[in-house]
Amino acid sequence: MTDTLILDPGHLALPDLRRILRDPPNLALAPGCRAAIDASARTVADAAGGERAVYGVNTGFGLLAKKRIPPDQVRELQRRLVLSHSAGTGPDLPPGVVRLILALKVNALARGHSGVRMAVIEALLALYNRGVLPVVPAKGSVGASGDLAPLAHLTGVLIGEGEADVDSERLPAAEALARAGLAPLALEAKEGLALLNGTQVSTALGLAGLVAAEDGFAAALVAGALSVDAALGSDGPFDARIHELRGQPGQRDVAAVYRSLLQGSGIRDSHREGHETVQDPYSLRCQPQVMGAVLDHLRFAAGVLEREANAVSDNPLVFPDSGDILSGGNFHAEPVAMAADVLALSIAETGALSERRIALLMDTHLSGLPPFLVADGGLNSGFMIAQVTAAALASENKQMAHPASVDSLPTSANQEDHVSMAAHAARRLTDMANNLAGIVAVELLAAAQGIDLRAPLASSPALERARGLLRARVAVWTEDRAMAPDIAAAKRLVTEGAFRPFAEDLLPGC
């Protein structure tokens, strides 16, 4: 971490969130937000000492909300809440996602409607800035009443419980805090509940999926344009007049990118006249329609996730101006779940279209290229099984694209009788985007090989730059060799965001 991002509560933008995930800066709170935080904390302290029962302040939780807790047991109530809710399982969330959860939690609590003291927010900032990353199991949230289990594991480290990673070393929480010069925190009334309630885990996972989906989307645009040239396809279907008549914004924007990518292609110029193909297959011709729809939905999901990243989503909420502490349901992560489901559909469709273009390039009757893109076929199998791998990944993504938000399962003795499944909906996106990166990697290799086989003709300047990125890591295929290293090298280009500059003006996260 080399620079500092000033966090103005409620105003984190998507580029900031991407930085926290991928290239983390230090975080500091903007001046002037302390007054709201202190006022909120005073409101809760007053309620904790009063006669009125206030949920989560001096009562039990969930179905136990009718149980009144004496003032001298309020601290113990918060501690036991954190411990009992630390019930997650499965693989640990990756460091970038944990950093993002910490930042989102600070962003929400610092808006001054959660009733926590400044000390709690400063403790979260200290974990982030000093690289003490709580070990958070990925599974155990149903995305309602907050991401309870994973946030409990995160919160446990604040009170010296659980485990944390420091400089890639896993330590007991108390030891990790001591190494960073920090001490365990004693939680006051409502603070444990405020830390455990909220959609920050689901949102962080959704944002990680969005960033990865954008990387795959940008690479797929480039790969699709390369495939058009490799297959001697037409740029006519990208004519702006076609897309203006439909009026879909993503379609218009994507068609403009395809026109730009193919502008000046020597391969295209070589077959403008006398070419026997009247219309290209849909996987080439309908790219603006499919990828435009994907872009529209990426933008929709990005808007939902950006708003949620800045939301106050714990319960109850504190309004210091009136002294009210109101129970509601902002912890219900249905917006995140539905946005994640839309992203899943977008990722699956991007991969499905890319796989069809790969298959087209393999088929000499459609592409006009040597079978499986290699000379001396028979002795050489070329890209035959690479297409099979892409088909396997595309099929897996189709299975994972089933919407998670429709699958509610009641919890907490039917107090929480409708839940969002947002954490699961968002968590699968990273795996799906990883599959997409593999599919697009195969297409990049195949399309670049097709361009090589068109020599001495060359593609457009833009596409030759893109092909140069690939050829700097992967050599032309002249005879059979192990394909897996080539796919891995091309896939790294996708996941590193190497193709984002070709579509940067389109992407909501840039």
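What volume does the largest pocket have? In this predicted model, the answer comes out at about 480 Å³. A good place to begin a tour is the set of residues around that space. The lining of the largest pocket counts 25 residues, and the closest to its centre are Pro94, Ala208, Arg427, Thr430 and Asp431. Quite a few elements chip in with two or more residues each: helix H1 (14-22), strand E3 (89-92), helix H4 (95-109), strand E5 (137-139), helix H9 (200-230), helix H18 (422-453) and H20. H18 gives the largest share of the lining, with eight residues.

Besides pockets, there is enclosed space to look at. Rolling a probe the size of a water molecule over the atoms shows where empty space is left. The structure holds three cavities of 30 Å³ or more, and the largest cavity comes to about 50 Å³. Around the largest cavity sit Leu14, Leu17, Arg18, Leu21, Leu207, Leu210, Val211, Glu214 and Gly509. Here the elements that supply two or more lining residues are H1 and H9. Both of these helices also turn up among the elements that line the largest pocket.

Next comes a sheet. Strands of a sheet pair through backbone hydrogen bonds, either parallel or antiparallel. The one described here is an open sheet of three strands, ordered E4-E6-E7, and its pairing is antiparallel. Strand E4 (132-134) and strand E7 (169-172) are the edge strands, each pairing on one side only. On average, and ignoring direction, neighbouring strands of this sheet are turned by 35° against each other. E4 and strand E6 (residues 163-166) run antiparallel and are joined by three bridges. In one of these strands, E6, Ala164 serves as the bridge partner of Pro134. Helix H6 (residues 148-158) packs on the sheet and touches E4 and E6, with its direction at about 140° to that of E4.

Aromatic side chains offer another way into the model. A pair of aromatic rings is described by the distance of the centres and the angle of the planes. Three aromatic pairs are found in the structure. One of them joins Phe383 and Trp477 in a tilted arrangement, with 5.6 Å from centre to centre and 55° between the planes. Phe383 belongs to the loop between helix H16 (364-367) and helix H17 (384-400), while Trp477 belongs to the loop between helix H19 (461-471) and helix H20 (484-495), so this pair ties together parts that are 94 residues apart in sequence. Phe383 counts as buried because its relative accessibility is 3%, and Trp477 is buried too, at 5%. Another tilted pair is made by Phe499 and Phe502, whose ring centres are 6.3 Å apart and whose planes meet at 35°. Phe499 is buried at 2% relative accessibility. Phe502, with a relative accessible area of 19%, is buried as well, given that the cut-off is under 20%.

Phe502 also leads on to Ala462. Leaving aside residues up to four places away in sequence, Ala462 touches Ser260, Leu261 and Phe502. Ala462 has its place in helix H19 and, at 11% relative accessibility, counts as buried. Its C-alpha atom is separated by 9.2 Å from that of Val222, although Ala462 and Val222 are 240 residues apart along the chain.

A few backbone details round things off. Which residues are joined by cis peptide bonds? Asn315 and Pro316 are joined by one, with omega at about -5°, and Pro316 lies in the loop between helix H14 (287-309) and strand E8 (317-319). Ala455 and Pro456 are joined by another, where omega is near 15°; Pro456 is found in the loop between H18 and H19.

Positive phi values also show up outside glycine. Leu232 has a phi of about 55°. Leu232 sits in the loop between H9 and helix H10 (240-246) and is buried, with a relative accessible area of 18%. Leu373, with phi near 65°, is another such residue. Leu373 belongs to the loop between H16 and H17, the loop that also holds Phe383, and is buried at a relative accessible area of 0%.

How values were computed
Residues are numbered from 1 along each chain as its sequence is written. This is a predicted model: local features need pLDDT of at least 70, side-chain atom pairs count only at pLDDT 80 or more; totals for chains, interfaces and linings use all residues. Side-chain values use heavy atoms; hydrogens and water are left out. Two strands pair if DSSP finds at least two bridges between them. Helices (H or I, at least four residues) and strands (E, at least two) are DSSP runs, numbered from the N terminus. Axes are lines fitted to C-alpha atoms, for helices over the stretch in contact, and angles run from 0 to 180 degrees between N-to-C directions. Contact means heavy atoms within 4.5 Å. Rings of Phe, Tyr and Trp (its six-membered ring) pair if their centres lie within 6.5 Å; planes under 30 degrees apart count as stacked, over 60 as edge-to-face and the rest as tilted. Buried means under 20% relative accessible area, exposed over 50%, partly exposed in between (1.4 Å probe, protein chains only). On a 1 Å grid over the protein atoms alone, a cavity is a set of points where a 1.4 Å probe fits but cannot get out, and a pocket is an open set with protein on both sides within 12 Å along at least five of seven lines; lining residues have an atom within 4 Å of a point. Grid points are joined across faces, edges and corners, and a volume is the space filled by probe spheres set on the points.
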